[in-house]
Amino acid sequence: MPVAHVKAGSAAGKRKAIRIGPARRIAEELRAQNERFSAAVENMSHGLCMFDAEERMIICNRNYIDLFRLDAKVMKPGIRFFDILQHSVDIGIASQSAEELYAVRKPYIDGAKPSTYEETLADGRIIVISHRPLASGGWVSIYEDVTEQRRAEEELKEQHRRFDAALANMSQGLLMYDADGKMIVRNQRFLELYKVTAADFPFGTTHRDALERLLELGIYTELDVASEVAKTEACLQAGKMHSTYRYLSDGRTFLVVRQPMGGGWVVTFDDVTERRRAEERMTHLAHHDTLTNLPNRSMFRERLDQALSEAKIAPLAILSLDLDRFKAVNDTFGHPAGDWLLKCVAERLRRCLRGEKDVVARFGGDEFAIIQSDVRGAADAEKLAKRIIEVIGKPYRDKGREMHVGVSLGIALYPGDGQDADTLLTNADLALYRGKSEGRNIYRFFEPGMDAMVRERRALEADLEAALPRREFELDYQPILDIASGDIVGAEALMRWRSPSRGLVPPQEFIAAAEETGLIVQLGDWALRKACSAAAGWPRDVRMAVNVSAAQIKSGSFARSVISALACSGLPASRLELEITETVMMDESDKVLKTLSQLRGLGVRIALDDFGTGYSSLGYLRRFPVDKIKIDRSFIHDLDRHDTAAIVRTVIGLGIELGITVTAEGVETEAQLDMLRKAGCGEAQGFLIGVPAKASEMSRLLRSQEKLRQSG
């Protein structure tokens, strides 16, 4: 829109001729000034419109016309302000009538005072109008489109609201430091976790100041501030995250994680006290007997290997112990009394040891073992054995009842009776069994002639080798219950050996021999084919669980055996569940991992059996994902104990968190099942659910269940 030019007046009559020179110069200056003014107005980034005292437009720039989508032909100097408003209504840019718009602006015009206000157009744009009165009457208005600015401001406010909400609702404490190492953000959770006030940690506090303040307040008892600051700086320079555990004076444990961020860094504080305690309990449980809290077999073996590596000059003794008449206590007073007695025995054995180097462990049942360090020949070991027989043989009184047990011991001396742990343990066991065969409350030292048991073992192995071709093996099936639905969803195949000469041989007597001789590979293949064939005739939603030994997986042909069993039986891979022990997971060879991954890729499910009774199970869950973990029956048996129940709930919670099915073994009472149900356990197995049965009996049970479903 062209800007109106100021006209120069002319002199009258005869003065015109005299002053023509100056008038022309003035006219030229006015024209140049008008051109500069016009250029300035037209090049403004904002819209501009000027009105005289009679509310008629003097000038406007192109930005004003474009801003309001006005018609340039209409916007001529002299047009009334009200007509401009009406024009904006006519073209649909205004959100109100011309009268309403004029009523809003009239007070600003009449007030003759500078003012600024906003107007929202019909298309949603936001215009800021700056009204400035002119000294000669009229006014000038500047128009700025702030739509994007307002939108950005709202987005920023929303981000701030979200950030504040996140900070306020975080379960973790949080501090944020800028590039200068000064605190710029601190949430309320940080103050709550450390039980401090905002005044203790004002904004601008440095990392060093914060650590020193925590020491001053007694929250940390020991902390090398300089070292911690240096570690943080090194991690920031390397652009790496740094995490550490902080142990507070009140016994709590925090996980502190520092993460580089835009020149500065952010620190989070997480109270992991209960999680760490649970992990410590799990680690302790992996190395200790749950009933007596003594080291278990794996822990004993570690300590024995360590003792042998240190026993350069001083010999040591291995004592293998077995209680006498313990079965009579269980039969007479019940298993709870037997458990109480085992705890008492464990405590008495502890008191018989001389120092921290000596170790007593429970291997299971009523079997114990001792490492006696720094012995001065057989005399020291004999003295300890006599002391144990005396102490263990004293009466046990509980609730007015008196119980009596004895103990038999076998002793092997290092280095005379063996140079390695396996030989020493075997020879101590041989001496023990010799002693038990000769009477009770007796100890015997190992002698080279104690090979009768070895001959018996060889006879067992010979019978075992002949049993498979003679078809002396059978499979029983124990049902597995889905706790939530109450349906039988699977069964575990259990091997039985019915020998013509030995009768029904318990698995614990022949499985170990089969593994040592390598016969377990053939037995395992037979059991796998037999179980798959049986399951093929069951309902399609019922799975078959088969135990697999480490020797089978290491054989190199295990994957082919599984595929062959599935193909021959027609059983879908998804219905087969292979139960492996932690012994398998301990072997991290490429062959084992490849075999398990190959089977899992086919759809076969992998279950970790006897979870928590051996080694560090949590590490194996991290390295190799399994589909199921089975809580060992020993935990379920002790569910009435607070610490055992807490561990079971922790394992169930871990399974839920990882998306792994959890099966509890050895469920024998409704109370146990109810506790497992409340804890969220997925499956249960045990005598309460069903005893091991033949395939035909299992089929009848499943058919009955299917009929009930259909009728329901």
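In which strand is Arg246 found? In this predicted model, Arg246 belongs to strand S8, which spans residues 242-247. Arg246 counts as buried, because its relative accessibility is 5% and the cut-off for burial is under 20%. Its side chain makes a polar contact of 2.6 Å with the side chain of Glu228. Glu228 is also listed among the residues in contact with Arg246 once neighbours within four places in sequence are left aside. The others are Tyr220, Leu223, Arg252, Thr253, Phe254, Val256 and Arg258.

An open sheet of 5 strands follows further along the chain. Its strand order is S12-S13-S11-S16-S17, and the pairing is mixed. Strand S12 (359-364) and strand S17 (443-445) form the edges, each pairing on one side only. From one strand to the next, the twist averages 20°. Strands pair through backbone hydrogen bonds, in either the parallel or the antiparallel sense. S12 and strand S13 (residues 367-372) run antiparallel and are joined by 5 bridges. Within this pair, Val359 stands opposite Ile371 of S13.

Two helices accompany the sheet. Helix H13 (residues 335-352) lies across strand S11 (316-324), S12 and S13. Its direction is at about 10° to S13. Helix H14 (residues 378-392) also packs on the sheet. H14 touches S11, S13, strand S16 (406-414) and S17. The direction of H14 makes about 165° with that of S16.

The loop after S16 holds a cis peptide bond. This bond joins Tyr414 to Pro415, with omega at about 10°. Pro415 lies in the loop between S16 and helix H15 (421-438).

Parallel pairing appears in a further group of strands. Strand S24 (residues 628-631) and strand S25 (residues 661-664) are parallel and share 4 bridges. Lys628 stands opposite Thr661 of S25. S25 also runs parallel to strand S26 (residues 683-684), joined to it by 2 bridges. Here Ala664 stands opposite Ala684 of S26. Helix H26 (residues 670-679) completes a right-handed β-α-β unit with S25 and S26.

Which residues of H26 are buried? They are Gln672, Leu673, Met675 and Leu676. Seen down the helix axis, the buried residues of H26 fall within an arc of 160°, so they line one face. Their cover includes strand S18 (473-482), helix H24 (633-637), helix H25 (642-658), S25 and S26. The face turned away from this buried side carries Glu670, Ala671 and Lys678, which are exposed. Just after H26, Gly680 takes a positive phi of about 90°.

Positive phi values also occur at two residues that are not glycines. Arg69 has a phi of about 60°. Arg69 sits in the loop between helix H3 (62-67) and helix H4 (81-90). With a relative accessible area of 47%, Arg69 is partly exposed. Arg471 likewise has a positive phi of about 60°. Its place is the loop between helix H16 (452-467) and S18. Is Arg471 buried or exposed? Arg471 counts as exposed, because its relative accessibility is 77% and the cut-off for exposure is over 50%.

Note on methods:
Residues numbered from 1 in each chain as written. Predicted model: local features only at pLDDT ≥ 70, side-chain atom pairs only at ≥ 80, totals over all residues. Heavy atoms only, no water. Pairing = 2+ DSSP bridges. Axes fitted to C-alpha atoms, helices over the stretch in contact; angles between N-to-C directions. Contact = heavy atoms within 4.5 Å. Right-handed = clockwise from strand over helix to strand, strands pointing away. Buried < 20%, exposed > 50% of the residue type's maximum accessible area, 1.4 Å probe, protein only. Polar contact = N/O pair within 3.5 Å; in protein donor to acceptor, adjacent residues only side chain to side chain. Arc of directions from axis to C-beta.
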